Protein chains: 2
Amino acid sequence: MESRCENCIIRQFNSLRAMSKEELKQVSDSKITRTVKKGEPLFEEGDKLNGVYCVRNGISKLSKLSANGKDQIVKLASKGEVLGQRSVISQESTNLSAIAVDDMEVCFIPKESINNTLQKNPNFTLEVLRHMAHDLKEADDVIVNISQKTVKQRMAEAFLYLKNNFGEDPEGFLALTLSREDISNVVGTATESAIRIISEFKKKGLIHTSGKKIGIKDERKLLEMVEGF
Amino acid sequence: MESRCENCIIRQFNSLRAMSKEELKQVSDSKITRTVKKGEPLFEEGDKLNGVYCVRNGISKLSKLSANGKDQIVKLASKGEVLGQRSVISQESTNLSAIAVDDMEVCFIPKESINNTLQKNPNFTLEVLRHMAHDLKEADDVIVNISQKTVKQRMAEAFLYLKNNFGEDPEGFLALTLSREDISNVVGTATESAIRIISEFKKKGLIHTSGKKIGIKDERKLLEMVEGF
DNA sequence: ACAATTAACTGATAAATATCATATTTTTAA
DNA sequence: TTAAAAATATGATATTTATCAGTTAATTGT
């Protein structure tokens, strides 16, 4: 199970690929592989992080608690994503909680290895910067979506997002199964509203469900709905 | 009017301060100072940027057009901020428009100077990274605010934000005067709703107005409103 | 396997917000 | 300076969304 970063394919998907052999070796020697059970936190809002987490398997939700007690899910991170980077870079406590949605396997990399490389290897820093630029662009899109689209449109968008990013299982259901509450926290609405819209979409033949599993039936119509037709 | 970056105090407020003398010299030689009149764009959504803009004076709104034809203002940038960085770094067209809210004075810095330094000076890259980490954190906060707070709470927050970031004029009005429409685009609501809430806040003695100028009268109560009391 | 807990669902209603219509004020440009 | 255009303002109403109350279904731990 335990293995060397140098041989880890996951690395190809994130900024660690810009590390030199030497640097990777150091990371590999200091990293700790950890499994996290569904529902358990990797870290929580306000924690001081002593390193970053590289996701090898499973999916984590990044969320922030609001004053009224509801969580808002800001991002769903899967294989290859590095979590906690922002906090380590700005040397502040995290503003987000990371909780496993699936059973996860992650590598913890102490911040020293990261900071060292950030200071010495401009390629690595630039690579991290590019990733963060991408995240920021996505965050801007989320802001516009949330404030300008209806809950129904955002729900449709969420289903398409889940299909495009996490795929479908052999029976045609979304591979990532979220609870209704998690869905409502992604979309930013009340859980009852999310459930109601799921029922409505089902009646209209846009999706089908089985237990908490949801499958997309009419992608075209969902897309039109997102666009506002 | 025209001056050398080496002597520019604005630089202290942004990542350019991490540049070496040599690098600054190159920037200074290639930069172009430009004035932008109120309402004119620095750049528009979809443009390919050939460089970044360093704000010397005035204020710019960064916004994104949504499908329903409304703008969402994602950020207000003032003296010292560098605009267009993300686009230059990720080598994509911008996802935001930058439009002058005030008369502005900006320096255009060709992307070559920036990219050169990004590749060679890890301190500079790290500095840019830190700024972007900060922006990303703020964006996350905006997402949570928009999805979890009422329009009234966000209006109250917007006024406090304007006071804290742009200050007040001698008569106690917010130094940055935005149109009602711009305010609604910051908050993410219909213009009529924004106007209605301004009237309500006025009646309740939270703010006072004179034409389009708005002044904060009861900061404490506004704060309580943001917190949800 | 089953009681207990939690999640999913539905209806009724209230609250928040958007939209449309229209009046008034302010700004702009000829 | 003044007519035209744009921005601000307010009322009436429709729509969207949240909240509360209660039911049914699914999960979990023993």
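Q: Before we start, what counts as a polar contact?
A: It's a pair of N or O atoms within 3.5 Å. Keep in mind that this is a predicted model.

Q: OK, so how far is the backbone of Ala190(A) from a phosphate oxygen of DNA strand D?
A: A backbone N or O atom of Ala190(A) sits 3.4 Å from a phosphate oxygen of that strand. That's within the 3.5 Å limit, so the pair counts as a polar contact.

Q: And which side chains of chain A reach a phosphate oxygen of strand D?
A: Thr189(A) is one of them, with a polar side-chain atom 2.4 Å from a phosphate oxygen of DNA strand D. Ser193(A) is another, and there the distance is 2.9 Å.

Q: Which elements give two or more residues to that surface?
A: H7 of chain A does, along with helix H6 (180-187) and H7 of chain B. H7(B) gives the most, with 4 residues.

Q: How many residues surround strand D, and which are closest?
A: There are 15, and the closest are Thr189(A), Ser193(A), Arg196(A), Arg180(B) and Ser199(B). By class, the surface near DNA strand D splits into 3 nonpolar, 5 polar and 7 charged residues.

Q: Now strand C. Which residues come nearest?
A: Of the 15 around DNA strand C, the nearest are Arg180(A), Ser199(A), Thr189(B), Ser193(B) and Arg196(B).

Q: What distances do Arg180(A) and Ser199(A) have to a phosphate oxygen there?
A: A polar side-chain atom of Arg180(A) is 2.5 Å from a phosphate oxygen of DNA strand C, and for Ser199(A) the value is 2.6 Å. Chain B has a backbone contact too: a polar backbone atom of Val151(B) lies 3.0 Å from a phosphate oxygen of strand C.

Q: How much of what the protein approaches is sugar or phosphate, in strand C and in strand D?
A: Counting DNA atoms within 4 Å of the protein, sugar or phosphate makes up 54% for strand C and 50% for strand D. The rest are base atoms in strand C and likewise in strand D.

Q: Switching topic: how many residues does each chain put into the contact between A and B?
A: Chain B puts in 39 and chain A puts in 40. The buried area is about 3,900 Å², with 69% of it from carbon and sulfur atoms. On chain B's side, Leu129(B), Ile143(B) and Gln148(B) supply 16% of what that chain buries against chain A, more than any other three residues.

Q: Back to chain A. Is Asp182(A) buried or exposed?
A: Asp182(A) counts as buried, because its relative accessibility is 10%, and the cut-off is under 20%. Asp182(A) lies in helix H6 of chain A. Outside its neighbours within four places in sequence, Asp182(A) is in contact with Lys61(A) and Ile73(A).

Q: Why is strand E4 of chain A called largely enclosed?
A: Because 5 of its 6 residues, in the run 60-65, are buried.

Q: Which strands does E4(A) pair with?
A: E4(A) pairs antiparallel with E5(A) (residues 71-77) over 6 bridges, and also antiparallel with E7(A) (residues 97-100) over 4 bridges. Leu62(A) has Lys75(A) as its bridge partner in E5(A) and stands opposite Ala98(A) in E7(A).

Q: Which residue in the E4(A)-E5(A) hairpin takes a positive phi?
A: Gly69(A), near 90 degrees, in a hairpin with 5 residues between the strands.

Note on methods:
Residues numbered from 1 in each chain as written. Chains lettered and ligands numbered in written order. Predicted model: local features only at pLDDT ≥ 70, side-chain atom pairs only at ≥ 80, totals over all residues. Heavy atoms only, no water. Near = heavy atom within 4 Å. Polar contact = N/O pair within 3.5 Å; in protein donor to acceptor, adjacent residues only side chain to side chain. Buried < 20%, exposed > 50% of the residue type's maximum accessible area, 1.4 Å probe, protein only. Pairing = 2+ DSSP bridges. Contact = heavy atoms within 4.5 Å. Buried area = accessible area lost by both parts, 1.4 Å probe. Nonpolar A, V, L, I, M, F, W, Y, C, P; charged D, E, K, R; others polar.
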